[in-house]
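Trainee: I would like to learn how to read a model such as this one, feature by feature. Could we go through it together, with the general idea ahead of the particular case?

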Amino acid sequence: MQCLLLEVGILFHSVFIGMALAVAVGSEQVILSIAIAFHQTFEGLALGSRIAAVGWHPKAPQPWLMALAYGCTTPLGQAIGIATRNLYDPDSQTGLLVVGIMNAISSGLLTFTSLVDLLSEDFLSDDSWRNLRGTRRIIAFSLVFGGAFGMSLIGAWA
């Protein structure tokens, strides 16, 4: 269930990333494209590792469908952004409000999933206390912090 909730949050978020990329122009579009390329790459790796860890039946279609959905959402968002580019002003009060509300929903889903479901399981479960001891636990915390810091830098740069 947590993998599915993570997938939904990421898919929702990816559509709006694609829409933002489609309406960007000039140097803003170049910077945003580079940031999104890094962001989507590492987000895809994280989601793929979670999908792989579920332990699906060997012939189950769900992991393939989840990977396909992730790969299609940003281009879908770009198509929506291109189609609606002239229908509204992204800098208008209504445009900013709609994008802000949708980003708040997706960020809430992602924050809840990452903090409550994923990190708590990775660092507070019985398995984690058996597998992550001493230096390994410190390294794991450092890697999580480093990943969050790196994504923050990418977000601030874009």
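Trainee: How much accessible surface does the protein chain have, and what share of it belongs to carbon and sulfur atoms?

Mentor: Keep in mind from the outset that this is a predicted model, and that every value we discuss is computed from it. The accessible surface of the protein chain is about 10,100 Å², and carbon and sulfur atoms account for 72% of that area. As for extent, the C-alpha atoms fill a box of roughly 55 × 35 × 25 Å when the box is taken along the principal axes.

Trainee: Which elements make up the protein chain, and in what order do they run?

Mentor: The protein chain has six helices and zero strands, so that, by the DSSP assignment of runs, the order from the N terminus on reads α-α-α-α-α-α. To see how such a chain is connected, one looks at which contacts join residues that are distant in sequence: among the contacts in the protein chain with a separation of 6 or more, 74% are between residues 24 or more positions apart.

Trainee: What part of the protein chain is buried?

Mentor: A residue is called buried when its relative accessible area is under 20%, and by that cut-off buried residues make up 27% of the 158 residues in the protein chain.

Trainee: Which residues form the largest nonpolar core, then?

Mentor: A core of this kind is a set of buried nonpolar residues joined through their side chains. Here the largest one has ten residues, namely Cys 3, Leu 6, Ile 10, Leu 11, Leu 47, Ile 51, Met 66, Tyr 70, Leu 110 and Leu 118. Helix H1 (2-23), helix H2 (26-53), helix H3 (62-84) and helix H4 (93-124) each supply at least two residues of this core, and the largest share, four residues, comes from H1. Another core lies apart from it and has five residues, including Ile 17, Ala 24, Leu 32 and Ile 36.

Trainee: Taking single members of the largest core, what does Met 66 contact, and what does Leu 11 touch?

Mentor: When neighbours within four places in sequence are left aside, Met 66 is in contact with Cys 3, Leu 4, Glu 7, Ile 51 and Trp 56. Leu 11, which lies in helix H1, touches Ala 69, Tyr 70 and Thr 73, again not counting residues up to four places away in sequence. Leu 11 counts as buried because its relative accessibility is 18%, which is under the 20% cut-off. For a sense of distance, Leu 11 and Arg 136 are 125 residues apart in sequence and 32 Å apart in space, C-alpha to C-alpha.

Trainee: Is Ser 14 buried or exposed, and which residues is it in contact with?

Mentor: Ser 14 is found in helix H1, and it is buried because its relative accessible area is 0%. Leaving aside its neighbours within four places in sequence, Ser 14 is in contact with Gln 40, Glu 43, Tyr 70, Thr 73 and Thr 74. One of these partners, Thr 74, lies in helix H3 and is likewise buried, with a relative accessible area of 10%. Thr 74 in turn touches Ser 14, Gly 18 and Gln 40, with residues up to four places away in sequence not counted.

Trainee: And why does Gln 29 count as partly exposed?

Mentor: Gln 29, in helix H2, counts as partly exposed because its relative accessibility is 33%, a value between the cut-offs of 20% and 50%. Not counting residues up to four places away in sequence, Gln 29 touches Leu 21 and Ala 24.

Trainee: How is empty space found, and what volume does the largest pocket have?

Mentor: Rolling a probe the size of a water molecule over the atoms shows where empty space is left. In this model the largest pocket has a volume of about 1,500 Å³. It is lined by 44 residues, of which His 39, Glu 43, Leu 110, Ser 114 and Met 151 lie nearest its centre. The elements that give two or more residues to this lining are H1, H2, H4 and helix H6 (135-157), with the largest share, twelve residues, coming from H4. By character, the lining of the largest pocket divides into 29 nonpolar, ten polar and five charged residues.

Trainee: Which residues lie nearest the centre of the second largest pocket?

Mentor: Among its eleven lining residues, Gln 2, Cys 3, Arg 50, Ala 53 and Val 54 lie nearest the centre. The second largest pocket has a volume of about 240 Å³, and H1 and H2 are the elements that give two or more residues to its lining. That lining divides into seven nonpolar, two polar and two charged residues.

How values were computed:
Residues numbered from 1 in each chain as written. Predicted model: local features only at pLDDT ≥ 70, side-chain atom pairs only at ≥ 80, totals over all residues. Heavy atoms only, no water. Core = buried A, V, L, I, M, F, W, Y, C linked by side-chain atoms within 4.5 Å. Buried < 20%, exposed > 50% of the residue type's maximum accessible area, 1.4 Å probe, protein only. Contact = heavy atoms within 4.5 Å. 1 Å grid on protein atoms, 1.4 Å probe; cavity = no way out; pocket = protein on both sides within 12 Å on 5 of 7 lines; lining within 4 Å. Points joined across faces, edges and corners; volume = space filled by probe spheres on them. Nonpolar A, V, L, I, M, F, W, Y, C, P; charged D, E, K, R; others polar. Areas by Shrake-Rupley, 256 points an atom, 1.4 Å probe, with all protein chains shown as cover.
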